Amino acid sequence: MDLQLSVDRSSPVPLYFQLSQQLEAAIEHGDLAPGSLLGNEIELAGRLGLSRPTVRQAIQALVDKGLLVRRRGIGTQVVHSQVRRPLELSSLYDDLEAAGQQPATRVLRLETQEAGAEAAAALGIAEGTEVRVVERLRLTHGEPIAYLRNHLPPDVLKAEADELERTGLYRLMRGAGITLHSARQSVGARAATAAEAELLDERRGAPLLTMQRTTFDDTGRVVEFGSHLYRASRYAFDFQLLVRS
């Protein structure tokens with residue numbers, strides 16, 4: 001590891017946090033690529049003039065965030081950087097691809113069923129109307145990052161499972177001549193159930209980000225209702241806030 005690391009002992013910021021922030025920035029900027037080894041804690045402590053417990057605390061903070069992992073017989077290794085996604089009308093697949101995150105998709109379910117109350121209200125249809133339900137697991141670098149469930153009016157898109165595994169839903173919609181115009185979206189958080197934790201490779205009760213989105217085309221027609229779960233350890237939404245004059 002050949003990084004320019006330093007700590008400011010006159011700063012009120014704890015030394016472990018200063019080191020942790022520098023290592024996290026190196027991971028986010030690609031200076032520490034997935035698979036990189038941090039090296040020996042003792043060597044790093046000596047190099048910075050820090051105690052070994054301070055270095056261990058800094059590393060543990062990144063282990064807890066899911067950015068590093070301790071592997072027996074190997075050492076402390078970079079797993080991945082956190083995915084940071086702008087909060088706008090875009091496809092997760094396209095955003096991951098643009099960020100060089102190597103997106104992949106596993107289709108878990110693709111079928112027609114009667115719409116429940118929540119999906120029917122979002123799509124503006126009567127409860128019990130048939131809709132297409134798509135459930136997918138989105139992965140980056142071979143690791144799960146999000147569970148995606150979408151309800152589509154049956155006349156919107158006729159994509160098959162293999163198409164959905166090759167690319168993103170919005171890209172398929174655009175290819176079918178649908179112009180995506182706007183969306184209504186809400187973001188929240190909750191703890192993972194046992195089934196969700198197993199699916200997303202998290203522990204039961206781990207924090208998950210939730211997102212619900214109703215998307216409209218340029219004619220005002222609802223073209224999809226999405227209800228998604230994201231691993232908080234691997235994923236964050238970015239907001240741009242403007243001052244209202």
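This report walks through one helix, an aromatic pair and some salt bridges in a predicted model.

## Helix α1

Let's start with helix α1, which covers residues 15-28. With 14 residues at 1.5 Å a residue, the helix should span 20 Å, and its end C-alpha atoms are indeed 20 Å apart, so expectation and model agree. Just past the end of α1 comes Gly30, which takes a positive phi of about 85 degrees.

Which residues of α1 are buried? They are Gln18, Leu19, Ser20, Leu23, Glu24, Ala26 and Ile27. As for what they pack against, the partners are two helices, α2 (41-48) and α3 (52-64), plus two strands, β1 (68-71) and β2 (75-78).

## The aromatic pair

The structure has one aromatic pair. Its members are Tyr16 and Phe17, with ring centres 6.3 Å apart and planes at 75 degrees; anything over 60 counts as edge-to-face, so that is what this pair is.

Neither ring belongs to a buried residue: Tyr16 is partly exposed at a relative accessible area of 25%, and Phe17 is partly exposed too, at 37%.

## Salt bridges around Glu135

Across the whole structure, a search turns up seven salt bridges. One of them joins Glu135 to Arg109, with the closest N and O atoms 2.6 Å apart. Glu135 sits in strand β5 (residues 130-140) and Arg109 in strand β4 (residues 103-114), so this bridge ties together parts that are 26 residues apart in sequence.

Glu135 also has a salt bridge with Arg149, this time at 3.4 Å from N to O. Arg149 belongs to strand β6 (residues 143-152), so here β5 is tied to a part 14 residues away in sequence. Buried or partly exposed: where does Glu135 fall? With a relative accessible area of 11%, Glu135 is buried, because the cut-off for that is under 20%. Its two arginine partners are partly exposed, Arg109 at 22% and Arg149 at 28%.

## Asp217 and Arg221

Now for Asp217, found in strand β8 (residues 207-217). Asp217 is buried, with just 5% relative accessibility. Setting aside neighbours within four places in sequence, Asp217 is in contact with Ile178, Thr179, Leu180, His181 and Val223.

Asp217 also pairs up with Arg221 in a salt bridge, where the closest N and O atoms are 3.1 Å apart. Arg221 is partly exposed, at 35% relative accessibility. As for larger groupings, salt bridges with shared partners link Arg109, Glu111, Glu135 and Arg149 into one network.

Definitions and conventions
Residues numbered from 1 in each chain as written. Predicted model: local features only at pLDDT ≥ 70, side-chain atom pairs only at ≥ 80, totals over all residues. Heavy atoms only, no water. Helix = DSSP H or I, 4+ residues; strand = E, 2+ residues; numbered from the N terminus. Expected span 1.5 Å × (residues − 1). Buried < 20%, exposed > 50% of the residue type's maximum accessible area, 1.4 Å probe, protein only. Contact = heavy atoms within 4.5 Å. Phe/Tyr/Trp six-rings, centres within 6.5 Å; stacked < 30°, edge-to-face > 60°. Salt bridge = Lys/Arg side-chain N within 4 Å of Asp/Glu carboxyl O.
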